[in-house]
Amino acid sequence: MTVRHAIPAIYQYREFAAAGGLMSYGTSETEYYRLVGTYAGRVLKGDKPADLPVQQSTKDELFLNLKTAKALGITVPLPL
């Protein structure tokens, strides 16, 4: 929809950019699910959820859809 109206859009999740959005920037979904699995494993081993430390993903991803950029007439610098 954004390509049809020539509106560049930035999304949080890579899947939206892969489906036609211009770009996405946010935490890695893989890293997020790895952290969830770690928490679940510790709870299943008997740790109390209230005793577990708060963790935040430290890995961010920038994903550019070059096909959409070209359709919108946007030139992407080579370092990206």
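**Entry 1: order of elements**

I read the elements along the sequence of this predicted model and noted the pattern β-α-β-α-β-α. The count for the protein is three helices and three strands. I then looked up the radius of gyration, which is 18 Å and well over the 12 Å that the globule rule gives for 80 residues, so the protein is more spread out than a compact globule. The C-alpha trace spans about 55 × 30 × 15 Å along its principal axes. Of the 80 residues, 21% count as buried. I also looked up the contacts between residues at least 6 apart in sequence, and 52% of these join residues at least 24 apart.

**Entry 2: confidence**

Before going further into a predicted model, I checked the pLDDT, whose mean over the protein is 86, with 96% of the residues reaching 70 or more. Where is confidence lowest and where is it highest? I found the lowest in H1, at a mean of 85, and the highest in helix H2, residues 29-44, at 90.

**Entry 3: helix H2**

I compared the span of H2 with what its 16 residues should give at 1.5 Å a residue, and the expected 22 Å agrees with the 22 Å between its end C-alpha atoms. After H2 comes glycine 46, for which I noted a positive phi, near 115°.

**Entry 4: the sheet**

I traced an open sheet of three strands in the order E1-E2-E3, with mixed pairing. Its edge strands are E1 (10-11) and E3 (60-64), each of which pairs on one side only. E2 and E3 run antiparallel and are joined by five bridges. Looking for a residue facing E3, I noted tyrosine 25, which stands opposite leucine 62 of that strand.

**Entry 5: serine 24 and alanine 17**

I placed serine 24 in strand E2 and asked whether the residue is buried or exposed. Serine 24 counts as buried because its relative accessibility is 3%, which is under the 20% cut-off. Leaving out residues up to four places away in sequence, I listed what serine 24 touches: Tyr11, Gln12, Tyr13, Arg14, Ala17, Glu61, Leu62 and Phe63.

Alanine 17, one of the residues on that list, lies in helix H1. I found alanine 17 buried, with a relative accessible area of 0%. Neighbours within four places in sequence aside, alanine 17 is in contact with Tyr11, Met23, Ser24, Phe63 and Asn65. For the pair alanine 17 and phenylalanine 63, I noted a C-alpha to C-alpha distance of 7.2 Å, with their positions 46 residues apart in sequence.

**Entry 6: glycine 21**

I located glycine 21 in the loop between helix H1 (14-18) and strand E2 (23-27). Although glycine 21 sits in a loop, this residue is buried, with a relative accessible area of 2%. Which residues is glycine 21 in contact with, leaving aside its neighbours within four places in sequence? I found Ala9, Tyr11, Phe16, Asn65 and Thr68. As a second distance check I took glycine 21 and proline 53, which are 32 residues apart in sequence and 35 Å apart in space, C-alpha to C-alpha.

**Entry 7: aromatic pairs**

I described each ring pair by the distance of the centres and the angle of the planes. How many aromatic pairs does a search of the whole structure find? The search gives three. One of them is tyrosine 13 with phenylalanine 16, a tilted pair at 6.4 Å centre to centre and 45° between the planes. I checked how open the two residues are: tyrosine 13 counts as partly exposed at 33% relative accessibility, and phenylalanine 16 is also partly exposed, with a relative accessible area of 47%.

Tyrosine 32 and tyrosine 33 form an edge-to-face pair, at 5.2 Å centre to centre and 70° between the planes. Tyrosine 32 has a relative accessible area of 43% and is partly exposed, whereas tyrosine 33, with 53%, is exposed; I note that the cut-off for exposed is over 50%.

Last, I followed the ring pairs that link Tyr11, Tyr13 and Phe16 into a cluster. Tyr11 and Phe16 had already come up among the contacts of glycine 21, and Tyr11 and Tyr13 among those of serine 24.

Conventions. Residues numbered from 1 in each chain as written. Predicted model: local features only at pLDDT ≥ 70, side-chain atom pairs only at ≥ 80, totals over all residues. Heavy atoms only, no water. Phe/Tyr/Trp six-rings, centres within 6.5 Å; stacked < 30°, edge-to-face > 60°. Buried < 20%, exposed > 50% of the residue type's maximum accessible area, 1.4 Å probe, protein only. Helix = DSSP H or I, 4+ residues; strand = E, 2+ residues; numbered from the N terminus. Contact = heavy atoms within 4.5 Å. pLDDT = per-residue confidence, 0-100. Expected span 1.5 Å × (residues − 1). Pairing = 2+ DSSP bridges. Rg over C-alpha atoms; globule rule 2.2 N^0.38 Å.
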